[in-house]
Amino acid sequence: MVLEATMICIDNSEWMRNGDYAPSRFQAQADAVNLICGAKTQSNPENTVGILTMAGKGVRVLVTPTSDLGKILACMHGLEIGGEMNLAAGIQVAQLALKHRQNKKQQQRIIVFAGSPVKHDKKLLEMIGRKLKKNSVALDIVNFGEDDGKTEKLEALLAAVNNNDTSHIVHIPSGPSALSDVLISTPIFTGDGEGGSGFAAAAAAAAAGGVSGFEFGVDPNLDPELALALRVSMEEERARQEAAAKKAAEEAAKQEKGGEQQSSSQDATMTEQTSAATSEADKKNDLTDEENALLQQALAMSMDDPSSSPELRDTDMSDAAADDPELALALQLSVQDSTKDSSQEDVSKLLSDQSFVSSILSSLPGVDPSDPSVKELLASMQSQSESQQKQNEDKTSKEEEK
């Protein structure tokens with residue numbers, strides 16, 4: 001495995017605010033830096049990584065080469081964006097930091113992220129490249145963003161520093177792909193073909209979402225236990241999802257059956273209610289018919305001839321008398337009394353009429369209506385009839401009071 005000390009030069013100029021790389025240039029660069037640091041530290045426990053910024057008030061070393069990955073990642077938070085990138089000063093400061101590394105056996109490498117225009121001349125950059133080559137420092141360049149002659153200058157810098165193809169340059173155009181996804185398949189991640197950074201590349205691929213050709217982003221030849229664990233976990237998750245889908249389907253079927261039963265019960269209830277309402281309506285119609293019949297009968301009775309009613313009553317009384325002898329005798333006596341009363345009343349009425357009595361007496365032969373004896377007899381008969389009429393009236397009033 002390659003033993004290296006690496007310095008990463010970050011571009012934090014104003015150009016990093018652009019959003020042509022998702023989500024922004026600076027955030028995409030930060031994600032790529034985190035993956036590179038993880039790959040370098042995992043490929044060899046003795047590898048060290050340091051970080052510096054090339055823009056702002058000046059070149060600033062955030063962390064010197066160290067194997068503490070937490071310290072490396074923590075220094076990336078809270079970085080300020082501003083100013084212009086000073087590529088020449090950044091490379092020189094990185095070379096100075098690598099010169100004072102603790103383990104002199106470590107190979108030296110500088111990784112530069114250039115996302116803004118380069119203001120330096122090509123000759124200056126070639127001179128810096130020859131100096132790096134003299135001190136056995138390898139250089140990797142990640143070119144993204146503007147291309148106002150920057151590509152030509154960076155190619156010249158790489159040609160000056162390259163020694164046995166230990167240095168590399170990667171041009172990444174803007175688009176939906178993240179910087180880290182593109183860098184995974186480049187020699188910056190995979191190393192120089194010596195196999196020392198293969199595990200780091202696999203780990204970076206897994207962190208980037210499995211864009212490598214291996215299942216789950218892990219090469220089973222390098223780490224069979226991790227690949228097996230991931231496969232088992234995937235199978236368990238698939239089984240859990242299938243069980244959840246089956247349970248959901250059963251619950252849906254039960255709900256449908258319950259809905260059908262409820263609808264059938266509702267239909268039966270509606271049928272019963274309809275039949276009950278029909279029977280009640282029939283009963284009401286029957287009652288209405290009976291009431292109408294009674295009402296018509298009463299109207300017919302009220303419209304009958306009054307002269308016919310006594311005959312009907314007499315017929316009814318005669319029928320009742322035929323059945324009861326005592327009732328027949330009582331009816332006969334009452335008829336006789338009523339006849340006598342009516343005859344006496346008629347006689348009294350006739351006697352009270354003086355003209356009628358005088359005409360009767362004058363028609364009789366040998367009778368003188370002016371005779372005093374005749375007048376006295378008529379007066380006595382009239383007084384007797386009046387007294388008899390008065391008695392009848394008193395008797396009638398007493399009966400009414402009873």
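Mentor: Before we start, buried here means under 20% relative accessible area. Keep in mind that this is a predicted model.

Trainee: How many residues of strand 5 are buried?

Mentor: Look at both sides of the strand. Val137, Leu139, Ile141 and Asn143 point one way, while Ala138, Asp140, Val142 and Phe144 point the other way, and all are buried. In a regular strand, side chains alternate between the two sheet faces. Strand 5, residues 137–144, is largely enclosed by the rest of the structure because its buried count is eight of eight.

Trainee: Which residue of strand 5 is the bridge partner of Ile110?

Mentor: Start with strand 4, residues 107–114, which runs parallel to strand 5 and is joined to it by seven bridges. Between these two strands the chain passes through helix 4, residues 122–134, in a right-handed β-α-β crossover. Within that pairing, the strand 5 partner of Ile110 is Leu139.

Trainee: And which residue of strand 6 is the bridge partner of Val142?

Mentor: Strand 6, residues 168–172, pairs with strand 5 in the parallel sense over five bridges. Together with helix 5, residues 150–161, those strands make a right-handed β-α-β unit. The partner of Val142 in strand 6 is Val170.

Trainee: Which element gives the largest share of the largest nonpolar core?

Mentor: That core has 30 residues, and Ile8, Ile51, Phe113 and Leu183 touch the most other members. Several elements each supply at least two residues, including strand 1 (4–10), strand 2 (48–53), strand 5 and helix 1 (25–43). The largest share is nine residues, and it comes from helix 1.

Terms used. Residues numbered from 1 in each chain as written. Predicted model: local features only at pLDDT ≥ 70, side-chain atom pairs only at ≥ 80, totals over all residues. Heavy atoms only, no water. Buried < 20%, exposed > 50% of the residue type's maximum accessible area, 1.4 Å probe, protein only. Helix = DSSP H or I, 4+ residues; strand = E, 2+ residues; numbered from the N terminus. Pairing = 2+ DSSP bridges. Right-handed = clockwise from strand over helix to strand, strands pointing away. Core = buried A, V, L, I, M, F, W, Y, C linked by side-chain atoms within 4.5 Å.
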